[in-house]
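Reader: I have a structure to go through. How should I read its features, step by step?

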Amino acid sequence: MVQVSVSRCADYDQDRVNSAVRTAIMLIGGMERFVRPGLMVLLKVNALTMKLPEEAVTTHPAVIKAVAAEVKKAGGIPLVGDSSGGMVAGQAPTKSTFEVAGIARAAEEAGAELVNFDSAGVAAVAAEGPIRTLHLAKPVLEADVVISLPKLKTHSVTILTGAVKNMFGCVPGHRKSEYHRMAPRLKDFARVLADIYGLTRPALTIMDGIVGMEGNGPSAGSPRNMGLVLASGDGVALDAVVAYIAGVAPFKIHTTRIAHQRGLGMGDLSKIEVLGEKLETLKLRDFDLPSNLMFELLPGFLVSGILGMLRARPVIAEDACAGCSFCVDSCPVQAMELSGKIPVIDYNRCISCLCCQELCPNKAVQMKQVNPLGRVLAGLVRHGKQKKRQRYLK
């Protein structure tokens, strides 16, 4: 039976994080099960965008240092790497994100080499999904062992983001936007994510769920103290457990279902053993899920018939917008342009990838119903929040 371990950790005090990470790894066999002396071990972090550690957007430095220490104890040679989302003046802001998020300092203090995927070389790899050739960072493909360190967060497009989605950062620079454009439909994009996960196939996933994110994540939501560190040799199984904790049926998450169907991991909770904590004690009854969740609840014929009229769309909050044009530069289909200092969205071109919301440094991109009928439906769903959760679990 596939195993997922869960250990408790109240905060990011380094000693407590070290203990929680060590416990989570020991419960599934210890780091020696995954790392042998002399192996190059890449820690693939979540360095989504330029946010401070306490904003719960990126993998916390304390977790990075704790995992790197365990790798070194096992005789491995740790590296820390990722590629951020978005573009600034034609370049991904990965270097700045490493600095702002404390990842660069964590790597230095841990004695680990810091690797920027945007400048470390790219390899073309055949894939079976909608994008037949994927370009992935060479350090990921060349590492002896890959350990994924995702953050426990919601996601306005994929509902939750975890082990499978975290590996999207192995796509360097502007190609992330290109892949959003090439696979604009959610299920197709989920297939691309499953492809990337299958090609990079982390040997171990350790999730930072000490302070996660709820609401309209992965960057515009609200931090949520959860006090958890999760670990597994099967990232799909870990995602399934996290979905249960958040109050979502695992196979409602497209990436989990597709990865399970492809044999990339186990998404069936009945075949997953949770160690360290009892699964039923972990479930959160009030975890705030993304606003676009309502469309997963509507009958298929209704969604396909009037989806464009009802779906919540990104809207710019002018009082919060700094006019930095980060969203404009990062839009994969060039559906945004500055009008004065405020971005304007062309909804006829918008593919609802929500990169703008995901990457906005000021949370100025909000999800709103722009159609009156959509606003009514959204209100009804919010009013019946508990029923929504019960229905979604079926």
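Author: Start with the vocabulary. Helices and strands are DSSP runs, numbered from the N terminus. With that in hand, Pro 218 can be placed in the loop between strand S10 (204–214) and strand S11 (222–232). Keep in mind that this is a predicted model.

Reader: Which bond joins Gly 217 and Pro 218?

Author: First the general idea. Most peptide bonds are trans. Here, Gly 217 and Pro 218 are joined by a cis peptide bond, with omega about 15 degrees.

Reader: Let me step back to the whole chain. How many helices and strands does it have?

Author: The protein chain has 17 helices and 16 strands. It runs to 394 residues, and 58% of them count as buried. About 15800 Å² is exposed, with carbon and sulfur atoms supplying 50% of that area. Take contacts between residues at least 6 apart in sequence: 74% of them join residues at least 24 apart.

Reader: Next, salt bridges. How many does the structure hold?

Author: There are 14 salt bridges. One of them pairs the side chains of Lys 44 and Asp 82, at 2.8 Å from N to O. Lys 44 sits in strand S2 (residues 40–45) and Asp 82 in strand S3 (residues 77–82), so this pair ties together parts 38 residues apart in sequence. Both Lys 44 and Asp 82 are buried.

Reader: What about salt bridges inside one helix?

Author: The general idea comes first. An α-helix has 3.6 residues a turn, so residues three or four places apart point the same way. Now the case. Arg 105 and Glu 109 form a salt bridge at 2.8 Å, N to O. They are four residues apart in helix H4 (residues 103–110), about one turn. Arg 105 is exposed, because its relative accessible area is 59%, over the 50% cut-off. Glu 109 has 44%, so it is partly exposed.

Reader: Where is Arg 191, and how far is it from Asp 188 along the helix?

Author: Both lie in helix H8 (residues 186–200), three residues apart, which means about one helical turn between them. Their closest N and O atoms are 3.2 Å apart, in a salt bridge. Arg 191 is partly exposed at 30% relative accessibility. Asp 188 has 18%, so it counts as buried. Elsewhere, Arg 22, Glu 70 and Lys 73 are joined into one network by salt bridges that share partners.

Reader: How does the length of H8 check out against its residue count?

Author: At 1.5 Å a residue, the 15 residues of H8 should span 21 Å. The end C-alpha atoms are 21 Å apart, so the two agree. Buried residues of H8 include Phe 189, Val 192, Leu 193, Ile 196 and Tyr 197. Just after H8, Arg 201 takes a positive phi of about 35 degrees.

Reader: Which other residues have a positive phi?

Author: The rule of thumb: most residues other than glycine have a negative phi. Ile 159 is not a glycine, yet its phi is positive, about 75 degrees. It is placed in strand S9 (residues 159–161). Ile 159 is buried, with a relative accessible area of 6%. Ser 325 also has a positive phi, about 70 degrees, without being a glycine. Ser 325 lies in the loop between strand S13 (313–316) and helix H14 (326–330). At 17% relative accessibility, Ser 325 counts as buried.

Reader: Which side chain of opposite charge is nearest to Lys 176?

Author: Asp 118, at 4.7 Å. Lys 176 is buried yet has no salt bridge, because a salt bridge needs the nitrogen within 4 Å of a carboxyl oxygen. Lys 176 belongs to helix H7 (residues 175–182). Its side chain reaches the backbone oxygen of Val 171 at 2.9 Å. Beyond its neighbours within four places in sequence, Lys 176 contacts residues including Ser 83, Ser 84 and Phe 168.

Reader: Last one. Is Gly 265 buried or exposed?

Author: Buried, at 18% relative accessibility. Gly 265 lies in the loop between helix H10 (254–261) and strand S12 (272–275). Its C-alpha is 5.0 Å from that of Val 236, 29 residues away along the chain. Leaving out residues up to four places away in sequence, Gly 265 touches Asp 234, Val 236, Ala 259 and His 260.

Note on methods
Residues numbered from 1 in each chain as written. Predicted model: local features only at pLDDT ≥ 70, side-chain atom pairs only at ≥ 80, totals over all residues. Heavy atoms only, no water. Helix = DSSP H or I, 4+ residues; strand = E, 2+ residues; numbered from the N terminus. Buried < 20%, exposed > 50% of the residue type's maximum accessible area, 1.4 Å probe, protein only. Contact = heavy atoms within 4.5 Å. Lys, Arg positive; Asp, Glu negative; His and termini not counted. Polar contact = N/O pair within 3.5 Å; in protein donor to acceptor, adjacent residues only side chain to side chain. Expected span 1.5 Å × (residues − 1). Areas by Shrake-Rupley, 256 points an atom, 1.4 Å probe, with all protein chains shown as cover.
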